[in-house]
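Grab a pencil and have a look at the model below. A few exercises follow it, each with its solution worked out in steps.

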Amino acid sequence: MRDLQSHKQGWQANVRKQTLKLGYWTLAWLLTMALANFGPEFLWQPNELATMAAIGLNLLVGIGMIVSNKDPLRSLDEMQQKIQLEAMGLTLGVGLVSGLAYSNLDVTNIIRSDAEISHVVILMGLTYLGTVAALTGKMR
Amino acid sequence: MRNRLKVLRAERDWTQAQLAEKLDVSRQTINAIEKGKFDPSLPLAFRAARLFGLTIEDIFQDQDPA
């Protein structure tokens, strides 16, 4: 029944709808991330229970975001799914290998500053975007 | 894999976007198939065959038949 309704709406409309839904989940996750990060300093001062609740909320919304990512991926056509699969696979590999190498640099004190997870997240984001752009361009 | 998608589409005076809509895929996918940069799955090939009233072999041919 759901598939029939989706088909009636048109393939592209369904992709837009699913992507928008993921966008809302991502926005909610970002807001709860900001709450968990800045809440202890600006909203409730040091209060361990409130901080743990904010981190728990962030985690729950994050799980919702991950689960809701399934529908937009399924709504894509087969070529788009192939591009996403290759981009996500490469991103995972780059994140794992470079993240652990970066951690080793920190552990062995070769780099003076602490290894920041945000640097790995940025690298993974850029890898994903770059791969999607490159593969999409290749198919043109 | 070679295909006659572009010719069949042109015969019916359809744009890539119109064919994409009929096959439930993106216009970019139709473009990639027409240019031989992407090989469609069997279900998509069957959908195209049904749409044009032809067999899959009439639309898609092996690039290097043995």
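Here are three exercises on a pocket, a helix and two loop residues.

This is a predicted model, so local features need pLDDT of at least 70 and side-chain atom pairs count only at pLDDT 80 or more, while totals for chains, interfaces and linings use all residues. Residues are numbered from 1 along each chain as its sequence is written, chains are lettered from A in the order in which they are written, and side-chain values use heavy atoms, with hydrogens and water left out.

**Exercise 1.** Work out where the largest pocket lies with respect to domain 1 and domain 2 of chain A.

*Solution.*
- Start with the split: chain A divides into domain 1 (1-74) and domain 2 (77-140), with bounds from an automatic or database domain assignment. Their C-alpha centres are 22 Å apart.
- Now the lining, which has 24 residues; nearest the centre are A:Trp29, A:Met65, A:Asn69, A:Met88 and A:Tyr128.
- Elements giving two or more residues are H2 (11-42), H3 (48-68), H4 (70-75), H5 (78-107) and H6 (117-138) of chain A. H3(A) gives the most, with six residues.
- Both domains give residues to this lining, so the pocket lies between them.
- As for character, 16 lining residues are nonpolar, eight are polar and none is charged.

**Exercise 2.** Check the length of H5(A) against its expected span, then find what covers its buried residues.

*Solution.*
- The expected span is 1.5 Å times one less than the number of residues. The 30 residues of H5(A) should therefore span 44 Å, and the end C-alpha atoms are 43 Å apart, which agrees.
- Buried here (under 20% relative accessible area, 1.4 Å probe, protein chains only) are A:Met79, A:Ile83, A:Gln84, A:Ala87, A:Thr91, A:Gly95, A:Gly99 and A:Tyr102.
- The cover includes H4 and H6 of chain A, along with helix H3 (27-34) of chain B.

**Exercise 3.** Place B:Asp13 and B:Asp24 in chain B, and say whether B:Asp13 is buried or exposed.

*Solution.*
- Most residues other than glycine have a negative phi.
- B:Asp13 has a positive phi of about 60°, and for B:Asp24 phi is near 60°, also positive.
- B:Asp13 sits in the loop between H1 (5-11) and H2 (16-23) of chain B; B:Asp24 is in the loop between H2 and H3 of that chain.
- At 68% relative accessibility, B:Asp13 counts as exposed (over 50%). B:Asp24, at 22%, counts as partly exposed (in between, from 20% to 50%).

Terms used: On a 1 Å grid over the protein atoms alone, a cavity is a set of points where a 1.4 Å probe fits but cannot get out, and a pocket is an open set with protein on both sides within 12 Å along at least five of seven lines; lining residues have an atom within 4 Å of a point. Helices (H or I, at least four residues) and strands (E, at least two) are DSSP runs, numbered from the N terminus. Ala, Val, Leu, Ile, Met, Phe, Trp, Tyr, Cys and Pro count as nonpolar, Asp, Glu, Lys and Arg as charged, and the others, Gly among them, as polar. Contact means heavy atoms within 4.5 Å.
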